[in-house]
Structures are given as structure tokens and as C-alpha cells.
Amino acid sequence: MTLQWAAVATFLYAEIGLILIFCLPFIPPQRWQKIFSFNVWGKIATFWNKAFLTIIILLIVLFLDAVREVRKYSSVHTIERSSTSRPDVYEHTQMKLFRSQRNLYISGFSLFFWLVLRRLVTLITQLAKELSNKGVLKTQAENTNKATKKFMEENENILKSHGKDEECVLEAENKKLVQDQEKLKTELRKTSDALSKAQNDVMEMKMQSERLSKEYDQLLKEHSELQDRLERGNKKRL
């Protein structure tokens, strides 16, 4: 194994070890949050994104190179397998094919675990923040419940001490409300009676106006008949 692939394999083993450590159940996310909040990580954070992208580019280049080697020696493998005159070359090609496949797996899993490691750190940080917010909200809710219970107890004590006076006041107010209600009912009855009377008067006036209009029409008719008679009498005299 060459030096670059030995470094990639070591990087892969380190990634696997870190992922296993992050997945340990007895280490809470708050502990990891405290570790991530050290001043050292704050200084490294400025170069973290550049280093992350650089490592991704290097792993992608190595992965593509391994894919190229696998395709190369796979085609040579088929050609050499068809020829039986050179068995040493065939074995040498198989060895190179095995190495290229091994490099392909190492670079591919290194790239995959590198992305998983970044996502895992992000999720652990978010989970720690959510748990801390949950603790703060829980404390606030408990304090609010205590304050509410205390306030209710104080109100109950005040009501007990002033309960009799308030009952007397409430009775007096209820009596006053009943009296006002009776007065309103009486006024409502008077108003309804006056309204019905006004409606009856309006109906009578309407009937009278209809009668007058009929009598007026009849008088007009009689007047027109008398005029016709007078005109006829004058014509006969002439």
C-alpha cells in the first residue's frame, strides 16, 4: 500500500472510531456541546469549512482515480484471462485489480463517513440546544405553576376574609337588578300598549281616508252628471 492510500485508510479508521464514540449512549449531547464550545474549537472554526471542502475534494479525486484503475484493470483482466500463454501477467493483473478495488472501497467509505461525521456533529449540537431549551422551558413552567398556585391561595384567603361583605353587596345588587328589571318590564308593557294603540289609530285613519276618497269620487261623479244635465238643458232652450 502506497503512502497516500495508507493515509486514506488511517483517516477512514479515525472516522469510524469518532462515529462510534459519538454514538455511545452513556455520553449525553450536553457533554458533547460543552466539548464543542471550548476555545480551541472556536479558533479552528474559521478554517473548518475550508478544511472540510478540501478533504472532500481530495477524497473525490482519489475515488475517481480508484474507479479509473478498477475499470482499467477489469478490461485488462478479461483480455489476459482469454490468453493462457502468460499466467504470470494474469496473476499480476489480478493483484493490481484487487488493490484498485481496495482503494475504491477505502476512498468511497472515507468520503461517505466524512459526510456522515459532519452531519452527526451538527445533529448532536442541535439536540443539545433543544435539550437545554427544554430544560429552561420546564424550569419556567414550574416557576409559573408555583406563582399561580401562590396567587390562587392568596385570592382564596382574601375571598374568605371578605366573603360576607361581598355576599351582602351581591344580594343588594341582585335586588336592585330585579327591581330595575321589573321597571323595564312595566315600561315595555306601556310602550307596547301605546304602540298597539297608535297602530289602531293609524288603521282607523286609513279606513276613514279610504271612505272619504270614495265619497269624494262619488261627489265628483254626481257633479259631472249635473253639469252634463245643465249643458243639455241649455242646448234645448237655445
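How many helices and strands make up the secondary structure of the chain? The count is 5 helices and 0 strands, and this comes from a predicted model. Reading from the N terminus, the elements go α-α-α-α-α. Out of the chain's 238 residues, 15% count as buried.

Let's start on the surface. Leu18, Ile21, Leu24 and Phe26 make up a nonpolar patch there, and together they have about 370 Å² of accessible area. One of these residues, Phe26, sits in the loop that runs between helix 1 (3–22) and helix 2 (29–36). Is Phe26 buried or exposed? Phe26 has 64% relative accessibility, so it counts as exposed, the cut-off for that being over 50%.

Now for a pocket. The second largest one has a volume of about 240 Å³. Its lining is made of 12 residues, and those nearest the centre are Thr2, Trp5, Arg99, Ser100 and Asn103. Which helices help to build this lining? Helix 1, helix 3 (39–82) and helix 4 (87–161) each bring at least two residues to it. Helix 4 gives the largest share, with 5 residues.

Here is how the lining of the second largest pocket divides by residue type:

| Type of lining residue | Number |
|---|---|
| Nonpolar | 3 residues |
| Polar | 4 residues |
| Charged | 5 residues |

So much for the chemistry of the pocket. As for how such spaces are found, rolling a probe the size of a water molecule over the atoms shows where empty space is left.

Key
Residues numbered from 1 in each chain as written. Predicted model: local features only at pLDDT ≥ 70, side-chain atom pairs only at ≥ 80, totals over all residues. Heavy atoms only, no water. Patch = residues over 30% accessible without salt bridge, like charges linked within 9 Å, V, L, I, M, F, W, Y side chains within 5 Å. Areas by Shrake-Rupley, 256 points an atom, 1.4 Å probe, with all protein chains shown as cover. Salt bridge = Lys/Arg side-chain N within 4 Å of Asp/Glu carboxyl O. Helix = DSSP H or I, 4+ residues; strand = E, 2+ residues; numbered from the N terminus. Buried < 20%, exposed > 50% of the residue type's maximum accessible area, 1.4 Å probe, protein only. 1 Å grid on protein atoms, 1.4 Å probe; cavity = no way out; pocket = protein on both sides within 12 Å on 5 of 7 lines; lining within 4 Å. Points joined across faces, edges and corners; volume = space filled by probe spheres on them. Nonpolar A, V, L, I, M, F, W, Y, C, P; charged D, E, K, R; others polar.
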